[in-house]
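Reader: I have a model open and want to learn how to read its pockets and its packing. Where do we start?

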Amino acid sequence: MLTPRYPGHVPLNTFQRLFLFAGSGIAAMINPRRNDLIATFGEMTVQPYFIYKLRDEMLADPTGRRILRERPRITSTSLDLDRLRQLPKNTVGSEYIQWLDKEGVSPDTRLPVRFIDDPECAYVMQRYRECHDFYHAITGLPVVMEGEVAVKAFEFANTCIPMTGLAALSEPFKLKPAMRKRLREIYVPWAITNGLRCKPLLNIYWEEILERDANEVRSELGIDLPPDLRELRKKKKTKKSAE
């Protein structure tokens with residue numbers, strides 16, 4: 001019998017791993033709103049190569065090593081959301097909490113990692129999940145399907161996590177032609193350019209830069225703000241109504 005190596009760990013044999021890989025992948029494509037399926041598929045596809053690559057990139061960076069050593073968690077309690085609401089406008093923390101409030105999102109909804117055997121690598125995957133909302137906030141992309149595809153493409157260019165690339169490729173087929181056109185002409189090119197240029201996302205200690213100016217942080221990281229997606233969608237809807 002396989003022995004769990006950390007709280008919540010579910011050790012799998014080869015057959016179980018292959019079954020979950022195929023099952024979660026097919027089910028996630030059918031219903032991309034099932035976060036549990038997407039999380040499982042992400043864990044199945046990131047092993048064995050990609051998660052060790054990410055872990056090694058963190059070990060090679062001073063800040064990444066410190067994150068791995070201290071293992072901070074991103075929750076509504078650890079971040080003190082009420083304090084973030086008091087920060088000056090245009091700080092990273094202010095942008096983050098405004099994005100959470102506007103999109104109706106909570107940092108407490110990220111599922112725990114269960115199927116990655118190595119405890120340190122499991123934390124790397126957990127850190128990636130919990131930082132996802134910061135990627136949305138720093139780029140200004142909303143949690144509509146187009147915004148998610150753009151962020152996934154941005155993450156894939158930066159981290160090479162297979163699930164993010166597969167999501168960026170498959171999900172646009174479910175969108176309307178006008179949405180696919182925006183992604184093809186604006187947001188996917190932006191995501192690839194900025195993802196490749198940006199500092200490795202997992203080496204950013206977001207908790208320590210909450211009071212910094214968001215534009216300065218974007219400049220240091222190599223991130224350009226994309227066009228406001230909600231505004232483009234609004235203009236398109238207004239034009240269509242007028243016609």
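Author: Start with the surface. Accessible areas come from the Shrake-Rupley method with a 1.4 Å probe. The model here is predicted. The protein exposes about 12700 Å².

Reader: What share of that exposed area do carbon and sulfur atoms supply?

Author: Carbon and sulfur atoms supply 57% of it.

Reader: And what is the protein built from? How many helices and strands are there?

Author: There are 13 helices and 0 strands. Read from the N terminus, the elements run α-α-α-α-α-α-α-α-α-α-α-α-α.

Reader: How do I read the overall shape?

Author: Compare the radius of gyration with a rule for globules. A compact globule of 243 residues would have a radius of gyration near 18 Å, and the protein has 18 Å, so the two agree. Then look at the spans. Along its principal axes the C-alpha trace covers about 65 × 40 × 30 Å.

Reader: What percentage of the residues is buried?

Author: Buried means under 20% relative accessible area. Of the 243 residues, 48% are buried.

Reader: How do contacts along the chain read?

Author: Take contacts between residues at least 6 apart in sequence. Of these, 72% join residues at least 24 apart.

Reader: Give me one buried residue to practise on. Where is Ser24 placed, and is Ser24 buried or exposed?

Author: Ser24 sits in helix 1. Its relative accessibility is 3%, so Ser24 counts as buried.

Reader: Which residues does Ser24 touch, leaving out those up to four places away in sequence?

Author: Ser24 touches Leu37, Thr40, Phe41 and Met44. Check the spacing too. Ser24 and Thr40 are 16 residues apart along the chain, and their C-alpha atoms are separated by 6.4 Å.

Reader: Is there a general idea behind spacings within a helix?

Author: An α-helix has 3.6 residues a turn, so residues three or four places apart point the same way.

Reader: Now a whole helix. Which residues of helix 10 are buried?

Author: The buried residues of helix 10 are Pro162, Met163, Thr164, Gly165, Ala167 and Ala168. The cover over these buried residues includes helix 2, helix 3, helix 8 and helix 9.

Reader: On to empty space. How do I tell a cavity from a pocket?

Author: In a cavity the probe fits but cannot get out, while a pocket is an open set of points.

Reader: How many cavities of 30 Å³ or more does the structure hold?

Author: The structure holds 1. The largest cavity contains about 40 Å³ of space. Its lining consists of Leu54, Glu57, Met58, Asn158, Thr159, Pro200, Leu201, Leu202 and Asn203. Helix 3 (49-59) and helix 9 (145-159) are the elements that give two or more residues to this lining. Helix 3 has the largest share, 3 residues.

Reader: How does the cavity lining divide by class?

Author: The lining of the largest cavity has 5 nonpolar, 3 polar and 1 charged residues.

Reader: What is the volume of the largest pocket, and which residues lie nearest its centre?

Author: The largest pocket holds about 920 Å³ of space. Its lining has 32 residues, and Pro32, Asn35, Ile38, Glu148 and Lys152 lie nearest the centre. The elements giving two or more residues are helix 1 (14-30), helix 2 (35-46), helix 8 (119-139), helix 9 and helix 10 (162-170). The largest share, 6 residues, comes from helix 2.

Reader: And its residue classes?

Author: The lining of the largest pocket has 17 nonpolar, 6 polar and 9 charged residues.

Reader: What about the second largest pocket? Which residues lie nearest its centre?

Author: The second largest pocket has a volume of about 320 Å³. It is lined by 17 residues, and Trp99, Lys102, Ala137, Gly140 and Leu141 lie nearest its centre. Helix 7 (92-103), helix 8 and helix 13 (229-242) each supply at least two lining residues. Helix 7 provides the largest share, 5 residues. By class, this lining has 8 nonpolar, 3 polar and 6 charged residues.

Reader: Where does Gly140 lie, and why does Gly140 count as partly exposed?

Author: Gly140 lies in the loop between helix 8 and helix 9. It counts as partly exposed because its relative accessibility is 42%. The partly exposed range runs between the 20% and 50% cut-offs. For distance, take Arg182, 42 residues from Gly140 along the chain: their C-alpha atoms are separated by 16 Å.

How values were computed:
Residues numbered from 1 in each chain as written. Predicted model: local features only at pLDDT ≥ 70, side-chain atom pairs only at ≥ 80, totals over all residues. Heavy atoms only, no water. 1 Å grid on protein atoms, 1.4 Å probe; cavity = no way out; pocket = protein on both sides within 12 Å on 5 of 7 lines; lining within 4 Å. Points joined across faces, edges and corners; volume = space filled by probe spheres on them. Helix = DSSP H or I, 4+ residues; strand = E, 2+ residues; numbered from the N terminus. Nonpolar A, V, L, I, M, F, W, Y, C, P; charged D, E, K, R; others polar. Rg over C-alpha atoms; globule rule 2.2 N^0.38 Å. Buried < 20%, exposed > 50% of the residue type's maximum accessible area, 1.4 Å probe, protein only. Contact = heavy atoms within 4.5 Å.
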